Amino acid sequence: MERVALIQMTSGPNPQDNLAHIAKQVEAVAKAGAHLVVTPENALVFGQRADYHRHAEPLGDGPLQSALAAMAQQWGVWLVIGSMPIRTANGVTATSVVFDSTGHLVGHYDKLHMFDVDVADGHGRYRESETFTPGEEIVTLDTPFGHLGLSICYDVRFPQLYNELVRRGATLILVPAAFTAVTGQAHWEALLRARAIETQSWVLAVNQTGTHEGGRETWGHSMVISPWGEVVATLAREVDNLVVEIDIKQVASCRSAMPVGQHSRFDNQFIPVR
């Protein structure tokens with residue numbers, strides 16, 4: 001059994017405020033025995049285009065990433081920041097960064113799918129492509145807790161990505177998000193359970209929650225879902241953390257009992273867990 005933690009938060013445009021909140025939550029969940037800690041999308045900066053671009057750092061360099069690395073090392077946890085703005089030669093990406101328990105940056109993933117959508121809420125128009133450059137790579141990462149498959153928010157609507165994550169060996173899929181209140185109420189749980197059932201993987205989904213500066217509302221309801229598609233733990237819309245024990249061996253037993261990957265007649269076959 002492995003103990004994992006989700007940090008549900010209401011981030012704002014000031015990264016130092018967000019960083020201080022994350023630090024308190026990491027301390028709390030580490031003391032509760034968590035070994036893997038995951039934050040939402042836009043965990044360090046949640047604002048306007050200018051905010052993301054002003055605070056963007058080169059990958060592996062900058063005060064925000066240094067503080068996160070020190071935090072992971074101090075508490076001996078693997079720390080996944082759901083996304084933060086990273087500056088590249090081609091623009092700013094929305095990037096998940098993964099630090100191991102010694103504070104080393106061991107992986108990153110640039111969000112592939114941009115949320116360019118009109119939503120019937122107070123914000124109305126969402127155009128992530130006007131702020132961020134989309135990623136180009138599918139990313140998995142071996143860890144002591146299982147093989148991570150990395151994704152971010154709007155990615156969850158594209159099952160082809162998750163099939164490919166599993167084809168590359170993923171057993172534990174992360175979905176950090178800033179799902180809106182409108183789309184979250186309609187689709188959040190249904191999409192997450194579908195991805196877990198289809199891939200027969202654990203899904204850790206951690207969302208932003210509440211009303212953010214500028215009036216944008218997010219749905220919360222961070223949750224952990226088993227390879228059988230069961231919601232084993234969830235939060236509501238409060239700012240809080242969730243610490244859950246998972247058994248990664250359930251992935252192998254689920255895939256063995258119902259070997260849908262082996263039965264697939266499409267080209268992208270699942271890699272069996274051994």
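Modeller: A ground rule before the pockets: Ala, Val, Leu, Ile, Met, Phe, Trp, Tyr, Cys and Pro count as nonpolar, Asp, Glu, Lys and Arg as charged, and the others, Gly among them, as polar. The model is predicted.

Biologist: How do the residues of the lining of the largest pocket divide into nonpolar, polar and charged?

Modeller: The lining of this pocket has 19 residues. By the rule above, Arg counts as charged and Gly as polar. The lining divides into five nonpolar, seven polar and seven charged.

Biologist: What volume does the largest pocket have?

Modeller: Look first at its centre. Gly47, Gln48, His123, Thr131 and Arg216 are the closest lining residues there. The pocket around them has a volume of about 400 Å³.

Biologist: Which element supplies the largest share of the lining of the largest pocket?

Modeller: Two elements each supply at least two lining residues: α2 (49-55) and β8 (125-127). The largest share is three residues, and it comes from β8.

Biologist: Now the second largest pocket. Which residues lie nearest its centre?

Modeller: About 200 Å³ of space lies in this pocket. Its lining holds five nonpolar, six polar and three charged residues. Of the 14 lining residues, those nearest the centre are Thr88, Thr93, Asp110, Gly135 and Glu136.

Biologist: Which element gives the most to the lining of the second largest pocket?

Modeller: Strands β4 (78-88) and β6 (105-110) each supply at least two residues of that lining. With three residues, the top contributor is β6.

Note on methods: Residues are numbered from 1 along each chain as its sequence is written. This is a predicted model: local features need pLDDT of at least 70, side-chain atom pairs count only at pLDDT 80 or more; totals for chains, interfaces and linings use all residues. Side-chain values use heavy atoms; hydrogens and water are left out. On a 1 Å grid over the protein atoms alone, a cavity is a set of points where a 1.4 Å probe fits but cannot get out, and a pocket is an open set with protein on both sides within 12 Å along at least five of seven lines; lining residues have an atom within 4 Å of a point. Grid points are joined across faces, edges and corners, and a volume is the space filled by probe spheres set on the points. Helices (H or I, at least four residues) and strands (E, at least two) are DSSP runs, numbered from the N terminus.
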